[in-house]
Amino acid sequence: MSGFALWASQTTARVASSASAANRLASYYLEASRAASEEMSLERSYRLVPTYETLAAHAAAERSFVAALHRVQTEGSASDRAQAQAILLTHADFVASAEKVFVAVDRGDTALATRIEYGQAEPLFRVQHDVDRGATEHRKEAFDQLASMRRISATMTWGVPLVFLVGLAIAMVLSTMLARYRRDLDAERAQAVHDSLHDSLTGLPNRQLLATRLHTAVQTGRPVGLVLLDLDRFKEINDTLGHRCGDELLTRVGPRLTAAVRDTDTVARLGGDEFAVLLSDVTSLDAVLNIVEKLRLALELPIQIAGADLSVEASVGIVVSGEHGDDAQTLLRRAEVAMYVAKQRNRGVAVYDPSEDAHDPGRLALLTELRRALDQRELVLHYQPKVSLPSGEVCGVEALVRWEHPQRGLVPPDQFIPLAEHTGLIGPLTRYVLDVALRQGRRWMDEGRPLQIAVNLAARNLADPDLCDDVLTLLDAHGVPAHLLCLELTESAITTEPERALLLLTRLRAAGVSLAVDDFGTGYTSLGQLKNLPITELKIDRAFVGTMTTERSDGLIVRSIVDLARNLGLTTVAEGVEDAATFTALAANGCAVAQGYHMSRPLSAEAFDRWYVETQAVYDVA
Ligand code: C2E
Ligand code: MG
Ligand code: MG
């Protein structure tokens, strides 16, 4: 529209200025025409009344003529300039002959004056004709310009509203497009925000949204319950039925959990097979436990997938705000610790217990120090003798790690091994222990005392694909034959990773390394598993050994284990032998090896050497 207005105003201005220029030129020509007529009539007057005034008036008319045409020359076009020049030349002739007429009149020569005047007719006609034509042409031009101005104004009369309407229509189209574009953008943005806060598979809120809602709920000051559920054996379902069925199962779990809680509660998926339920405004821990029971029942109802009825169980960790933490981050972490404990111990449900938390700040500090301790070789090994029954001959040692902490003194393994297990430091720690133990083994060999050394492995070590190679390399490096190394594994380590354990143990056993099941009797190893494992030794847990002479049932358990081991072709080692009576009872039961404070506490290498010399390699049974 503004383009149109600009065009209209510029065109009008241009046409108006041309019209006015043409009009001015026309008026100059007219002025010249009038002056020429006056010149002629004054010339004629002079012949009748030859006065000085007439002559002066004639000269003024002549100047006026010339001035008018000079103005044409200044303001007109090139053709105007040429035409004015031609007219001025003809006029000059006319002026010259007029002078001659005046002289003849002054002399009284009427005949000459008439003759000259007669000769003037032609140039005069031409001058008159040319200036009249100039005036007509420019007047016509001015009229034409004015006509086109009228046309422009007529165009503007209907053009302005039309252009306005078109402009309005374009503006409306543009604003509609803009509105739609903004709507699409808003929708996209809303979708992106939704996606970033929800799990794509199940559509449930994700960890971030749960954390935000937990934070908001905690801020209200009312007690909040947080329940973390980790599906049991989900990996098995995934492996046997395929990922699609696994995904299907996960999508069915959400609605079940949601149906079991109130609308104001949040069910979220934290990833993998881990779900969370945020219970706002709970009255007590008991109330949370009741809801957890409902959740577990909801999951246990069979879910039909690929023609199979699957029943889902979950390990559940529970925290309640106020009691277990005051901020979202702490509550989430502690719920995870509780869930981990429930899973590890096959407890189903666990409420957070600080004593089971490997991540409390004191332990965290210990972890940083443990890394340093490994580098600075602050970890030392103590050796506890194992003696044969009934002879009392020293047949080996168990290497037990201790931390010679610069401030805390000698730190027992229970305080840092679980920490190392949780953090991946257990790999380097185990290799360190193996290295120190085998170096000591080599020393004893060189001193003519080839003692078998038992080293403890953690559950995590069994999942370490390089462990076997590293053990064999270390044996080789220290020149210790494989049969002088015994690796001890707990039952829980074997049951957590049965397939990997079997693979690793088979390779180690094939290389000649002895293998013992530690703390036997406290775990869940099935007899079937025991039969298939390439182990050489069962170490009866000291919980039974320590009380075997006072508690009849423990005595029976020890005897049963000894019988079982003998039937499976395994050596039995009794741990925690604290007195002579136990020592004798074990010998009577046919147990092969004893280990315990009764013979010796775990000792540093030097102390062990002294003890060994004093007992002359045979523990005095009497
Ligand atoms: P464990 O392998 O069952 O080791 C035997 C534990 O029983 C040792 O405790 C030992 O000092 C203690 N003990 C020995 N005889 C008696 C006794 O007559 N009475 C009583 N009450 N206790 C006795 P320690 O040294 O504190 O080790 C505790 C646990 O720490 C070990 O249990 C083992 O599971 C773990 N551990 C020790 N060293 C290592 C290691 O180098 N690596 C790994 N992964 N674990 C280790
Ligand atoms: Mg052990
Ligand atoms: Mg043990």
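This is a short dialogue on the metal site, the ligand shell and one histidine of a predicted model.

In this predicted model, local features need pLDDT of at least 70, side-chain atom pairs count only at pLDDT 80 or more, and totals for chains, interfaces and linings use all residues. Residues are numbered from 1 along each chain as written, chains are lettered from A and ligands numbered from 1 in written order, and side-chain values use heavy atoms, without hydrogens and water.

Student: What makes Asp518, Asp519 and Glu575 donors of the magnesium ion (ligand 3)?
Tutor: Donors are N, O and S atoms within 2.8 Å of the metal (3.2 Å for Na, K and Ca); water is not among the atoms, so sites may look incomplete. Here the protein donors lie 2.0 to 2.5 Å from the ion. That is within 2.8 Å, so they count as donors.

Student: Which spacing do the donors follow along the chain?
Tutor: The spacing is D-D-x55-E. Asp518 lies in strand E13 (residues 514-520), and Glu575 in the loop between strand E15 (571-574) and helix H19 (580-589), so the pair ties together parts 57 residues apart in sequence. Helices (H or I, at least four residues) and strands (E, at least two) are DSSP runs, numbered from the N terminus.

Student: What does Asp518 bridge?
Tutor: Asp518 bridges the magnesium ion (ligand 3) and the magnesium ion (ligand 2). The two ions lie 3.9 Å apart.

Student: Why is His405 called buried?
Tutor: Buried means under 20% relative accessible area, exposed over 50%, partly exposed in between (1.4 Å probe, protein chains only). His405 has 5%. That is under 20%, so His405 is buried. Asp518 and Glu575 are both buried too.

Student: How do you know that Glu578 makes a polar contact with ligand 1?
Tutor: A polar contact is a pair of N or O atoms within 3.5 Å; within protein, one must be able to donate a hydrogen and the other to accept it, and residues adjacent in sequence count only if both atoms are side-chain atoms. A polar side-chain atom of Glu578 lies 2.6 Å from a nitrogen atom of ligand 1. The pair is within 3.5 Å, so it counts. For Asp518, the distance to an oxygen atom of ligand 1 is 2.8 Å.

Student: What does His405 touch?
Tutor: Contact means heavy atoms within 4.5 Å. Leaving out residues up to four places away in sequence, His405 touches Glu369, Glu378 and Val411. His405 is found in strand E9.
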